[in-house]
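Let's take a walk through this protein together, a few spots at a time. Have the model open and turn it as you read.

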Amino acid sequence: MMKRKILLDESEIPTHWYNVIADMPNKPLPPLHPGTQEPIGPEALAPLFPMELIRQEVSGEKYIEIPDQVRDIYKLWRCTPMYRAHGLEAALDSPARIFYKYEGGSPAGSHKPNTAVAQAYYNKQEGVKKITTETGAGQWGSALSFACNVFDLACEVYMVKISYQQKPYRKSLMNTWGATVHASPTDQTQAGRKILEADPDSPGSLGIAISEAVEMAAADEQTKYALGSVLNHVLLHQTVVGQEAVKQMEMAGYLPDIVVAPFGGGSNFAGISFPFLRLNIEEGQKIRCIASEPASCPKLTRGVFRYDFGDTVGMTPLLPMYTLGHDFVPAPIHAGGLRYHGAGVIVSQLLKDQLIEAVAHKQLECFEAGVLFSKTEGIVPAPETTHAIATAIREAKRCKEEGKAETILIHLCGHGYFDLKAYEDYLAGKLVEHEVTSDEIKASLAKLDTPVPE
Ligand SMILES: *Cc1c(COP(=O)(O)O)cnc(C)c1O
């Protein structure tokens, strides 16, 4: 019988997070103050984040120890399984070997609790009482709601309005874990009111919801803010995924030629790919790490490398990243978690240095891939995750044309059981193809008056 699952015992949960910065040939450029545009130090982040997370944000240490209490909570769902996708391989009739690492078995159904638990832990340690955050598709909001409940912290979530309407059950999940959820933009913050004045029917965006959550946290000393992607410490926490995956690929007897993950702000991509990138850097391996983004929000493939704000209103520090411009509002595609204008600083530098690759897919190709995966492997993937599956299918087809038996590893970072409305619309033929035009990108970038990195 052919093996389908490659499993690790909970005793093999990594003891450290891997910090790729230590191995980067060109280190990320410093963040700049949003007003003065001068480089800022870690202390500028103190109103928003606990000190230990700020320390991790700027750390150059290669390995950072995972606290025992965090590892103990990880045991609820880690180590996560890896599967050989025999069903998908057969359907594609390709010589490519396809594996996937499945994070959908976590409490919130995605990779996000890996960092939510760590962030809630450090906030609790430092006496914080409440955490505010934003959420797009609802996955980050549910992960943080779960983690705050574990550590008895209050949790307030600003959920992008279009998702709030499309995914009512994500909100119920957050409420079940004890969190309060607002449809963003709200009239309770200055940032929200400013957006509503300009457009009372604004569908919201991640950038707007971040502005609201940051404003609420900055206004109260016992309240801090948490981000589910983009920042260095978030990417760091996700490396438990890739470290397990390196071991599991060794057990399977294959080193991947390609590691592919969907890309919103970079956390799940970093989580699975950085430990493989370490093998490229340390051992001279040539593993291709590919980030898959939506054609309607293509910051990596069609954006510019530029200092930009992380939010829409311009309250966060300026970060050197690939961006479409901070007030770019992506079309309301169903992959809500990928509707973000920018990208994490580390991933942006790696892409600039050509150490990783990026591709974009339109919505229908992704759902077609998601349905094929559901039929052949049984798991219904999150709409975000279908982007990586679409890339893997493209690569497997290339392998067939070239007669190559390459090994492809997909990050199956979340399930889609709260996203069935999206599948329903797709199956009913109601989903429209969408790709942002060059004029739209040009218009958004023309508004940027932020510094160009040297
Ligand atoms: C949040 C999310 C994403 C996008 O965010 P990243 O930080 O880029 O990982 C992608 N897939 C799933 C399932 C998510 O929950």
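Start with two helices in this predicted model: H15, which covers residues 363-377, and H17, which covers residues 420-427. Two packed helices are described by the angle between their axes and the distance between the axes. For H15 and H17, the angle is about 105° and the axes are 11 Å apart. Angles from 65 to 115 degrees count as roughly perpendicular, so H15 is roughly perpendicular to H17. Which residues make the contact here? On the H15 side they are Leu364, Phe367, Glu368, Gly370 and Val371, and on the H17 side Ala422, Tyr423, Tyr426 and Leu427.

Stay with H17 for a moment. Its buried residues are Ala422, Tyr423 and Asp425. They cover an arc of only 160° around the axis, so they sit on the same side of H17. And what covers them? The cover includes H15, the helix you just met, and helix H16 (386-402). Just after H17 ends, look for Gly429, which takes a positive phi of about 75°.

Now swing over to another helix, H7, made of residues 168-176. Arg170, Leu173 and Met174 are its buried residues. Seen down the axis of H7, they fall within an arc of 100°, so they line one face of the helix. Turn to the other side of H7 and you'll find Tyr169 and Thr176, which are exposed. Several elements help cover the buried residues of H7, including strands E6 (130-135), E7 (154-160) and E8 (180-184), along with helix H5 (139-150). Just after H7 there's a glycine to look at, too: Gly178 has a positive phi of about 100°.

How do H5 and H7 sit against each other, roughly parallel or roughly perpendicular? Their axes come within 8 Å and cross at roughly 10°. Angles under 35 degrees count as roughly parallel, so that is the label for H5 and H7. H5 passes H7 in a left-handed crossing. The contact is made by Gln139, Gly141, Ser142 and Ser145 from H5, together with Arg170, Leu173 and Met174 from H7. Those last three should look familiar, as they are the buried residues of H7.

Follow the chain into the loop between H7 and E8 and you'll run into Trp177. Is Trp177 buried or exposed? Its relative accessibility is 19%, and buried means under 20%, so Trp177 counts as buried. Leaving aside neighbours within four places in sequence, Trp177 is in contact with Pro107, Ala108, Ser142, Ser145, Phe146 and Asn149. Take Ser145 from that list: Trp177 and Ser145 are 32 residues apart in sequence, yet 5.8 Å apart in space, C-alpha to C-alpha.

Next, try the loop between strand E2 (16-18) and helix H1 (51-58), where you'll find Asp23. Asp23 has a relative accessible area of 15%, so it is buried. Setting aside neighbours within four places in sequence, its contacts are Tyr18, Lys62, Arg278, Ile281 and Glu282. If you want to check a distance yourself, Asp23 and Gly60 are 37 residues apart in sequence and 8.9 Å apart in space, C-alpha to C-alpha.

Asn26 is found in the loop between E2 and H1 as well. At 38% relative accessibility, Asn26 counts as partly exposed. Leaving out neighbours within four places in sequence, Asn26 is in contact with Gln349 and Asp353. With Asp353, the side chains make a polar contact of 3.1 Å. Asn26 and Asn268, on the other hand, are 242 residues apart in sequence and 22 Å apart in space, C-alpha to C-alpha.

Last stop: His233, in helix H10 (residues 232-237). How much of it is accessible? Its relative accessible area is 1%, so His233 is buried. Not counting neighbours within four places in sequence, it is in contact with Phe49, Leu53, Gln56, Glu57 and Gln119. Pick out Glu57 from that group: the side chains of His233 and Glu57 are joined by a polar contact of 2.7 Å.

How values were computed. Residues are numbered from 1 along each chain as its sequence is written. This is a predicted model: local features need pLDDT of at least 70, side-chain atom pairs count only at pLDDT 80 or more; totals for chains, interfaces and linings use all residues. Side-chain values use heavy atoms; hydrogens and water are left out. Helices (H or I, at least four residues) and strands (E, at least two) are DSSP runs, numbered from the N terminus. Buried means under 20% relative accessible area, exposed over 50%, partly exposed in between (1.4 Å probe, protein chains only). A polar contact is a pair of N or O atoms within 3.5 Å; within protein, one must be able to donate a hydrogen and the other to accept it, and residues adjacent in sequence count only if both atoms are side-chain atoms. Contact means heavy atoms within 4.5 Å. The arc is that of the directions from the helix axis to the C-beta atoms. Axes are lines fitted to C-alpha atoms, for helices over the stretch in contact, and angles run from 0 to 180 degrees between N-to-C directions. Angles under 35 degrees count as roughly parallel, over 145 as roughly antiparallel, 65 to 115 as roughly perpendicular and the rest as oblique. A crossing is left-handed if the near helix is turned anticlockwise from the far one by less than a right angle, and right-handed if clockwise.
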